[in-house]
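Dear colleague,

Please find below the structure that I am handing over to you. A description of what was found in it follows directly after.

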Amino acid sequence: MDHIQKQISEQLDFSACWFTPEEIDSITNEGGAYILLLRLAKPVKINLPGHVHHQLLPGWFAYTGSARNKGGVRARLKHHFRPDKKPHWHIDRLTMNAAAMAALPVPAGDECNLLCRILQSPDFSIAIKGFGSSDCTICESHLLATIK
Ligand SMILES: [Zn+2]
């Protein structure tokens, strides 16, 4: 995981710190954006409009999102890190099946900008078009996969 975290951090023009689920209480409760890195150990089926039974294969994925409500990034990441929940967002299907997770909070950041930066790395590509980006007019997707 360290290797992929380093690859992502190298794409950012600021220094930021990764947190594991155990470190959730140290994460800022400010509003902002975040990068969620997760590993799937087995294939996961995703149902999106226009993607009937799309399947994500085992590997590493980077998702970018934002939380600007009360509780900020910490409250949102607490939701992502929790394995038992009713799936509400696209990303919930992945976090419920993740074998490992880590997050990089970016207070006052922008999820589209983060996505764009990670995508500049030759090690990442769009995982599924339209994933997590229904409200976004800029990005093809907010989920990237590592290229194997
Ligand atoms: Zn976007």
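Two strands are said to pair if DSSP finds at least two bridges between them. By that criterion β4 and β7 are a pair, since three bridges join these antiparallel strands. One of these contacts can be located at once: Ala 62 has Leu 144, in β7, as its bridge partner. Please bear in mind throughout that the model is predicted.

The chain as a whole

The chain contains four helices and seven strands. Read from the N terminus, its elements follow the order α-β-β-β-β-α-α-β-α-β-β. The radius of gyration is 14 Å, close to the 15 Å that the globule rule gives for 148 residues, so the chain is as compact as a globular protein of that length. Along the principal axes, the C-alpha atoms fill a box of roughly 35 × 35 × 30 Å. Buried residues make up 34% of the 148 in the chain. If one takes the contacts between residues at least 6 apart in sequence, 68% of them join residues at least 24 apart.

The sheet

Five strands form an open sheet in the order β5-β1-β4-β7-β6, with antiparallel pairing. Its edge strands, each pairing on one side only, are β5 (98–107) and β6 (124–126). On average, neighbouring strands of the sheet are turned by 25° against each other, direction ignored.

The pairings may be followed across the sheet from the β5 edge. Nine bridges connect β5 with β1 in the antiparallel sense, and here Ala 103 of β5 stands opposite Leu 36. On to β4, β1 is again joined by nine bridges, the two strands running antiparallel. Within that pairing, Leu 37 faces Ala 62 of β4. Ala 62 is also the residue whose bridge partner in β7 is Leu 144. Finally, β7 (residues 143–146) and β6 pair over three bridges, in the antiparallel sense, and Thr 146 in β7 is the bridge partner of Phe 124.

The helices α1 and α2

Helix α1 (residues 2–11) lies across four strands, namely β1 (32–40), β4 (59–67), β5 and β7. The helix runs at about 150° to β1.

Helix α2 (residues 72–81) is mostly covered, with seven of its ten residues buried. Those buried residues are Gly 72, Val 73, Arg 74, Arg 76, Leu 77, His 80 and Phe 81. Which elements cover them? The cover includes β1, β4, α3 (90–95) and β5. As a general point, an α-helix has 3.6 residues a turn, so residues three or four places apart point the same way.

The start of the chain

Met 1 belongs to the segment before α1. Is this residue buried, exposed or partly exposed? Met 1 has 14 other C-beta atoms within 10 Å; because a residue counts as buried at 20 or more and as exposed at 12 or fewer, Met 1 is partly exposed. Apart from neighbours within four places in sequence, Met 1 is in contact with Ala 100 and Ala 102. By contrast, Pro 49 lies 48 residues from Met 1 in sequence and 31 Å from it in space, C-alpha to C-alpha.

With kind regards

Notes: Residues are numbered from 1 along each chain as its sequence is written. This is a predicted model: local features need pLDDT of at least 70, side-chain atom pairs count only at pLDDT 80 or more; totals for chains, interfaces and linings use all residues. Axes are lines fitted to C-alpha atoms, for helices over the stretch in contact, and angles run from 0 to 180 degrees between N-to-C directions. Two residues are in contact if their C-beta atoms, placed from the backbone, lie within 7 Å. The radius of gyration is taken over C-alpha atoms; the globule rule is 2.2 Å times the number of residues to the power 0.38.
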